[in-house]
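Please walk me through this protein model. I would like to hear about its pockets, one glutamine and its aromatic residues.

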Amino acid sequence: MHSTLNQANSAGKGHLRELMPALKNKKYFNYGGQGPLPKPSLEAINESWEEIQEMGPFSNDVFAYISREITKTKELLASMCMVTPNQIALTENVTSGCILPLWGLPFKTGDRFLISDCEHPGVVAACKELAKRKGIFIDVLPIQNLRYSLAQIDDLERVFLDLIDKYITPSTRLVVVSHILWNTGQVIPIKALGDYLKSQVSKPYLLVDGAQSFGQIAINEEAKIADIYAFTGHKWACGPEGLGGVALSGRVLTESQPTLIGWRALKNENTILNSTDNLFHNDGRRFEIATSCVPLLAGLRCSLGLLEKEGALIERSNIIQQKSAALWLELSKIDLVEPLLEGNPPAGLVSFTHKGRASPRKIVQKLGTSAIWIRDLVEPKSLRACVHVTTDEGEMRSLIEAIKAIKI
C-alpha cells in the first residue's frame, strides 16, 4: 500500500494544501460536497468587503468597482467554458443555474423530458414540478449501472449513446444529465451527447449539471455544446459557498424568458412601468436577479488562481486520476469493500460499498470520530471518498486503515 499511495502523492506541488486551515486537523474526502477555502481566498473576500465599505456600499465609486469585479469574473469563467462572457450568468449555486433558464423555455403540453437516474434531487424535483404544470412527460435514462473505468471510455461512449438512442423519442425536448455523476463518479461523454442531439429533428435542449466537474476536469467543450451548463465554485474549485455560474447557449438566450425576475435582468429600471419593449437583457444577465455578495467574486478568482499555480488543468486532472486510482486499488483489496466502478476512476470521486452489517451512515459516523470525513449516499446505497490535488498520502493511508478496521 505504501508504494502505491506514495507514488500517487509524489505528483503535484502540494503548496495549496498548506494554505487550507480546514485540512490541518482532519482527513478530508468531501470535495464533492464542499472544498476547503484557502486562506488567501478568505483574505481576498475580506479585502473586497473592506474596499466596498470604504467607498460606501451605495455610491458611484462602488458601482464602478462592482462592475469591474463582475466583468473580470465573467471573463475568467467564460474562458474556462469556451463561451463569450455574455453567455455567462452568475448564480448562487448549481440548482439555480439549472432551473432559472430551464423554466423559461418554450415547452408545451405533450413534450417529454429525458432525465438520468443519477441527477441531484433538487434538479429532478424542479423538472417534475415544471412537468406537472405544463403537462410534460418524464422519461428516466438508466445510467446508474454504467460502471466504466478510465481505460474503458470508448466503450462507455458507445453504450451511453446506445441508451440515449433507445430512450429518446420524437417528443423529447430536454435531456438532463450530469457531467460527472455525483454518486458513482462516472464521467459522462457530454460532447458526444451534444453532437448526437444536434442530429435529432426535435433538437432537444441539453441541460448539464457540472457540480462535480468544474475545478477538477476540463469543461470547455462540454459547456460550449450544452444549452445550459451550470457549475459551482464551492466544491472542486475550493471557492466560497454562495457563488456559481451557468454557461448558456445562444438559443437559450433567445428563447428562454426570465422566471425569477429582479432589477439585474432589466435593460432599464427607470422606464419599466411604461415600456412596451423587451424589458430584459439579451445576455446572461436576464437570469440574474438582484443584490448578491460581490466580495465572493474575488474569493473565487483567488481560489482558481491558486489551483492554477498547482499546475495547468490537464496536469491537475492527471494528478487527481493518479490519486483516485491508488485509492481505488487499495479499497479493492479490502475483503468487505467493493468499489462501484470496475477500474481506475476517471475523476476524483471514489464510491464503494461495504458488505458489513453497519449502514453507510454508521460508517461515516464511525470514521468521523477519528476526524476522517467521507459521505454516505442513498442511491445507490454506498460510500463516497473524493480526492483532490490537495489530498496527501497520509490522508489516504489513514482512510484505508480505518476502513480495514471496520469489522461490523
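The paragraphs below take up the pockets, then a glutamine in a loop, then the aromatic pairs.

Keep in mind that this is a predicted model.

Start with the largest pocket. Its space comes to about 1,300 Å³. The lining of this pocket counts 44 residues. Nearest the centre of the pocket lie Ile 66, Ile 70, Trp 263, Arg 264 and Ala 290. Several elements each give two or more residues to the lining: helix H3 (39-55), helix H4 (60-81), strand S2 (88-91), helix H5 (94-102) and helix H11 (295-309). H4 gives the most, with 7 residues. By type, the lining of the largest pocket holds 22 nonpolar, 13 polar and 9 charged residues.

Now move to the second largest pocket. About 390 Å³ of space lies there. Its lining is made of 22 residues. Val 187, Ile 217, Ala 218, Glu 222 and Gln 321 are the ones nearest its centre. At least two lining residues come from each of helix H7 (153-167), H8, helix H9 (220-225) and helix H12 (313-332). H12 supplies the largest share, 5 residues. The lining of the second largest pocket divides into 13 nonpolar, 5 polar and 4 charged residues.

Next, look at Gln 186. It sits in the loop between strand S5 (172-178) and helix H8 (190-198). Is this residue buried or exposed? Gln 186 has 0% relative accessibility, so it counts as buried. Which backbone atom lies 2.7 Å from a polar atom of the Gln 186 side chain? It is the backbone nitrogen of Tyr 148. Leaving aside residues up to four places away in sequence, Gln 186 touches Leu 146, Arg 147, Tyr 148, Leu 156, His 179, Ile 180, Leu 181, Leu 341 and Pro 346. Tyr 148 therefore appears both in the contact list and in the 2.7 Å approach, while Gln 186 itself is buried because its relative accessibility is 0%.

Finish with the aromatic rings. The structure holds 6 aromatic pairs. One of them joins Tyr 28 and Tyr 31. The pair is edge-to-face, with 5.4 Å centre to centre and 80° between the planes. Why do these two tyrosines count as buried? Buried means under 20% relative accessible area. Tyr 28 meets this because its relative accessibility is 15%. Tyr 31 meets it because its relative accessibility is 0%. Tyr 28 and Tyr 31 also form one aromatic cluster with Trp 236.

Technical notes: Residues numbered from 1 in each chain as written. Predicted model: local features only at pLDDT ≥ 70, side-chain atom pairs only at ≥ 80, totals over all residues. Heavy atoms only, no water. Helix = DSSP H or I, 4+ residues; strand = E, 2+ residues; numbered from the N terminus. Buried < 20%, exposed > 50% of the residue type's maximum accessible area, 1.4 Å probe, protein only. Polar contact = N/O pair within 3.5 Å; in protein donor to acceptor, adjacent residues only side chain to side chain. Contact = heavy atoms within 4.5 Å. 1 Å grid on protein atoms, 1.4 Å probe; cavity = no way out; pocket = protein on both sides within 12 Å on 5 of 7 lines; lining within 4 Å. Points joined across faces, edges and corners; volume = space filled by probe spheres on them. Nonpolar A, V, L, I, M, F, W, Y, C, P; charged D, E, K, R; others polar. Phe/Tyr/Trp six-rings, centres within 6.5 Å; stacked < 30°, edge-to-face > 60°.
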